[in-house]
Amino acid sequence: LRTDQGRFTREYMLIQSPIIGPVVLKSAMSRFSSIFSILQSSGIAILEAMTILSATIGNAAIAREFDRIRELLEEGRGIAAPLKKARYFTPMVVNMVAVGEESGNLDEMLQEVATHYDEELEYAIKKMTNALGPILIISLAVMVGFFAVAIFMPIADLTKMYH
């Protein structure tokens, strides 16, 4: 897990997991939108912004997508087309970036996307915690059952020896 490939594999599997994956992805989209919005309003070039985003996103799998997006941007395409080809970007993000790119209000559109994903993230975290409650209760019941059986089996064997 300390190598780049190990980190990529761990974070890719985390994104693909059914309960935690949506939370991780929405968190990354929120971070992407807010950081990209700040970088755009500061006047930083898009290629440089992609490099900064790749370093600050906090997920190796999504950082690799930013590297691919930067390569497509270097070929002279717009921002929305490479995002559409990327794996983790939702159609809403792609469409909002396309509208912002065409209207010249990219930073404002990205800020709206960040606000939207912050709200989605809150909802996804509530949903995840609601799903984790029963899972934790069942796993705790299995552990208690295991220890109960582990304690009572030798006692049952002892009673059979004296009869």
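This is the transcript of a short group-meeting presentation on one protein structure.

Good morning. The structure before you is a predicted model. I shall begin with helix α7, continue with the salt bridges, and finish with a few individual residues.

Helix α7 runs through residues 106-161, which makes 56 residues. Why do I regard its length as consistent? At 1.5 Å a residue, helix α7 should span 82 Å, and its end C-alpha atoms are 80 Å apart, so the two values agree. A pair of residues within the helix gives another distance to compare on your screens. Ala156 belongs to helix α7, and its C-alpha atom is separated by 66 Å from that of Leu110, the two being 46 residues apart along the chain.

Which residues of α7 are buried? They are Leu106, Met109, Leu110, Val113, Ala114, Tyr117, Leu121, Ala124 and Met128. The partners against which these buried residues pack are α2, residues 21-41, and α6, residues 91-103. Ala156, by comparison, is partly exposed, because its relative accessible area is 33%, between the limits of 20% and 50%.

Helix α7 also brings us to a feature of the surface. Leu140, Met143, Val144, Phe146 and Phe147 make a nonpolar surface patch of about 550 Å². One of these residues, Phe147, is placed in helix α7.

Let me turn to the charged residues. In general, side chains of opposite charge can pair when their charged atoms come close. How many salt bridges does the model contain? The count comes to five. I shall describe three pairs.

The pair in α1 consists of Arg7 and Asp4, whose closest N and O atoms are 2.9 Å apart. Both residues lie in helix α1, residues 4-16, and because they are three residues apart, about one helical turn separates them. The general principle is that an α-helix has 3.6 residues a turn, so residues three or four places apart point the same way. Arg7 is partly exposed, at a relative accessible area of 29%. Asp4 is exposed, since its relative accessible area of 58% is over the 50% limit.

The next pair lies in helix α4. A salt bridge joins the side chains of Arg68 and Glu65, with an N to O distance of 2.3 Å. These two residues are again three residues apart, and therefore about one helical turn separates them. Is Glu65 buried or exposed? Glu65 counts as buried, because its relative accessibility is 3%. Arg68, on the other hand, is partly exposed, with a relative accessible area of 39%.

Helix α4 holds a further salt bridge, between Arg70 and Asp67, and here the closest N and O atoms are 3.3 Å apart. Arg70 and Asp67 are likewise three residues apart in α4, about one turn of the helix. Asp67 counts as partly exposed, at 28% relative accessibility.

Arg70 leads us to the contacts between α3 and α4. Leu47 is placed in helix α3. Which residues does Leu47 touch, leaving out those up to four places away in sequence? They are Arg70, Leu73 and Glu74. Leu47 is partly exposed, with a relative accessible area of 35%. Between the C-alpha atoms of Leu47 and Ile15 there are 25 Å in space, and the two residues are 32 residues apart in sequence.

Leu73, one of the residues that Leu47 touches, lies in helix α4. With a relative accessible area of 10%, Leu73 is buried. Beyond its neighbours within four places in sequence, Leu73 is in contact with Ile46, Leu47, Met50, Gly78, Ile79 and Pro82. The C-alpha atom of Leu73 is separated by 25 Å from that of Tyr117, 44 residues apart along the chain.

My last residue is Asn59. Where does Asn59 lie? Its place is the loop between α3, residues 46-56, and α4, residues 60-74. Asn59 counts as buried, because its relative accessibility of 7% is under the 20% limit. A polar atom of the Asn59 side chain lies 3.0 Å from the backbone nitrogen of Ala61. Leaving out residues up to four places away in sequence, Asn59 touches Glu11, Ile15 and Val24.

To close, I would ask you to keep two items in view: helix α7 with its 56 residues, and the buried loop residue Asn59. Thank you.

Terms used: Residues are numbered from 1 along each chain as its sequence is written. This is a predicted model: local features need pLDDT of at least 70, side-chain atom pairs count only at pLDDT 80 or more; totals for chains, interfaces and linings use all residues. Side-chain values use heavy atoms; hydrogens and water are left out. Helices (H or I, at least four residues) and strands (E, at least two) are DSSP runs, numbered from the N terminus. The expected span of a helix is 1.5 Å times one less than its number of residues. Buried means under 20% relative accessible area, exposed over 50%, partly exposed in between (1.4 Å probe, protein chains only). Contact means heavy atoms within 4.5 Å. A polar contact is a pair of N or O atoms within 3.5 Å; within protein, one must be able to donate a hydrogen and the other to accept it, and residues adjacent in sequence count only if both atoms are side-chain atoms. Patches are made of residues with over 30% relative accessible area and no salt bridge: like charges are joined within 9 Å, nonpolar side chains (Val, Leu, Ile, Met, Phe, Trp, Tyr) within 5 Å. Accessible areas come from the Shrake-Rupley method with a 1.4 Å probe; for residues, only the protein chains shown count as cover. A salt bridge is a side-chain nitrogen of Lys or Arg within 4 Å of a carboxyl oxygen of Asp or Glu.
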